[in-house]
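Subject: Structure handover

Hello,

Here is the structure, as promised. My notes follow below it.

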Amino acid sequence: MIRLYDILDAITGYNPNADCEPIKAAYRFADRSHQGQTRRSGEPYLVHPVEVAGILAQMRMDVPSIVAGILHDTVEDTVATLEEVEQLFGAEVRRLVDGVTKLGKIKFRTSEEKQAENFRKMIMAMAQDIRVILIKLADRLHNMRTLSYLAEPRRVDIAQETMDIYAPIANRLGIQQLKVELEDLAFRHIKPDVYQAIAEQVERERRERERFMEEVRTIVERKMHDVNITCEIKGRHKHLYSIYRKMEAQNIPFNEVHDLIAFRLIVSTLSQCYEALGVLHSLWKPVPGRFKDYIAMPKQNNYQSLHTTVVGPSGERCEFQIRTREMHDIAERWISAHWKYKEGRQIEDKDELKFKWVRQLLEWQRELNEPTEFLDTIKLDLFADDIYIFTPRGDLRELPRGSTPIDFAYEIHTDVGHSCVGARVNGKIVPIKNPLRSGDTVEILTGKVKRPNKDWMQFVRTSRAKAKIRQFLRQEERDQAEGIGRELLEKAGARYGWTANKLAKSDGMERYLQAHNYRDMPTLFVSIGYGKLSPEEVVVAVLPKEDLVEREPAKVSPIARMVQKITGRARPPVRISGISDMLVTFGKCCNPVPGDHIIGFVTRGRGVSIHVVDCPRILGSDPDRHVTVEWDTAAGVARVAKVKVTCVDRPGLLANMTEAITSIGVNITQATARTSSEQKAVNIFDLEIRDVTQLRHVIQSLEKVKGVIAVERLRT
């Protein structure tokens, strides 16, 4: 456990002139504020903020950042206020603490909304001061190190959020050591059995691989000395999550993962990077397609290095990263190596491009109101692997790998994307959904009419393109719904001699809009057009009683009778907020099961369609037609879930997998199996699942079966 004097020693080690008194004062303030509080581990709560400050000191952060790290939980978890923090430690520390503090005192409708709003606040704060996210990353790292004290469902949720958001942010900032640790810690809790199996395999082969690393190091050092290149060479094992990703991506077992070792070559000058590359390729044969020049084309976080993979001694694949000392400092000493604070803590001009993605996230949080869509956009943006595309004038644009001409068109301008009708790549006309490759020169062909196609959502890759297409389609659909709603209200009012315009101007309508939180008449029309509101209800509520000639008695709706006929009972398996007597269907695109986070979509004539909140189809739909739904646990309805199992092809394995499933009390309704030429088998099981917890137990049980390579849930 780190102590205060350890932090002070670390700070004075890299900043001898630092004023450490505010850090001591923050420690005393946090000690008083958290007095009597303990963590789930039983330790005093003060241990956590001190550990966070220690991580920040390892990152060579400034004094205000470390003070904020010590105080980051005081406002959220104690009676301390931001005003107190500002009075004692200044406005700068207050801004940092406020940026990190979660919105714990505000009530949200769903956990997704709460998570999205927390990220919105964090992004707005980090756009003003990047230190906010560094403090948050340090906070998350220590929480992940102590995650085992929480209950399993909570552990898995936090680990998944770390894998989806925080590890990619660390990667974007170039904090590789922190990114690697976050990924491995999250992997340990998301797939504990797989993690343990890989860890044991790596440990069994550690001594042999260390001997191999020493052999390679000796050969390379001798060869570099012969050509007068002074270098430092370091070997390391790849971290566990990167090994798992390779196994999963290539559908191979552990013993078929060859490049488990990576070497870093640190040389003196830029020219020596390329000289050393030539020496390595003369020593061993390079693996085709595995060379990347991040020196000529740095990553967005300013990472620079040459990457190559060669077939080394004994036919073993080895990855080499070649860089100068300055490049290594940027990659290893984290953001502090290339982030300089000016007075006022603004981004310097030369650093602006390095953090362009922060500005992009800020733009998305302003444009995207739907929580799940916002989180989906963040994940898409953070996980992107980049390619480099040229405009006809030679300007360079950076896009995620797999991007299409449509993505490129929206990168140029929204109007160019909306009116795109074709593309010329390297002088040749190509389909607009063709993936682009690094180095392509792309010319966008446009038409006079703006007409984005809904099918584009199936192949565009950039968050910008997805957001702009959604906006256009939603506005178009909203305009149609407004027209339909106006027409329906016109017909309903005509029964009593009132037009829609006359209804809109009545005193009763003004009161109705205020009482039901409708902004204006177009909003009301849209709600009627989407089927969320009955025009008859509106007319009856708005008109004076003396103008109502007749009022029809309430009847059981045809939809309600249909529900009873189809299901044999009045209660559907989900509860729908604000809407009764609705037919419920489940989206085949995402196949939700009880326990999934779900959302309802009001269809035209088919009741409410239920989807998981991150279903691509629901993310591309109009949020005005979304309704809050939740599983009715008392209904006791089982749903069919599909599970895909990739395994080695050996006799008896199918029986072992079947036993692993049925031993948990799960019924298999259908099973298919096929083999490949690589001595592997792919099995699809349709299972009657009570809830996601039972499904998770099935997956864990299958992962323990010897010979199973990967297990995943299929949504379709």
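How many bridges pair strand 18 with strand 21, and in which sense do the two strands pair? Strand 18 (residues 639–648) and strand 21 pair over six bridges, in the antiparallel sense. V645 faces V711 of strand 21.

First, the ground rules. The model is predicted: local features need pLDDT of at least 70, side-chain atom pairs count only at pLDDT 80 or more, and totals for chains, interfaces and linings use all residues. Residues are numbered from 1 along each chain as its sequence is written, and side-chain values use heavy atoms, with hydrogens and water left out. Helices (H or I, at least four residues) and strands (E, at least two) are DSSP runs, numbered from the N terminus. Two strands pair if DSSP finds at least two bridges between them.

**The sheet**

Four strands form an open sheet. Their order is 19-20-18-21, and the pairing is antiparallel. Strand 19 (667–675) and strand 21 (708–714) are the edges. Each has a single partner strand, so one side of each is left without a neighbour in the sheet. From one strand to the next, the twist averages 20°. Axes here are lines fitted to C-alpha atoms, for helices over the stretch in contact; angles run from 0 to 180 degrees between N-to-C directions.

**The helices on it**

Helix 28 (residues 653–662) lies across strand 18, strand 19, strand 20 (680–689) and strand 21. Helix 28 runs at about 20° to strand 20. Helix 29 (residues 692–703) also packs on the sheet. Helix 29 touches strand 18, strand 20 and strand 21 (contact means heavy atoms within 4.5 Å). The direction of helix 29 makes about 160° with that of strand 21.

**A hairpin**

Strand 7 (residues 386–390) and strand 8 (residues 396–400) pair in the antiparallel sense, over five bridges. D386 has P400 of strand 8 as its bridge partner. Five residues sit between the strands of this hairpin, where G394 takes a positive phi near 95°.

**Two positive phi values outside glycine**

Most residues other than glycine have a negative phi. N228 has a positive phi, near 60°. N228 lies in the loop between helix 13 (206–226) and strand 1 (231–237). N228 is exposed, with a relative accessible area of 67%. Buried means under 20% relative accessible area, exposed over 50%, and partly exposed in between (1.4 Å probe, protein chains only).

S314 is not a glycine, yet its phi is positive, at about 60°. S314 lies in the loop between strand 5 (306–311) and strand 6 (317–324). S314 counts as exposed, at 77% relative accessibility.

Best wishes
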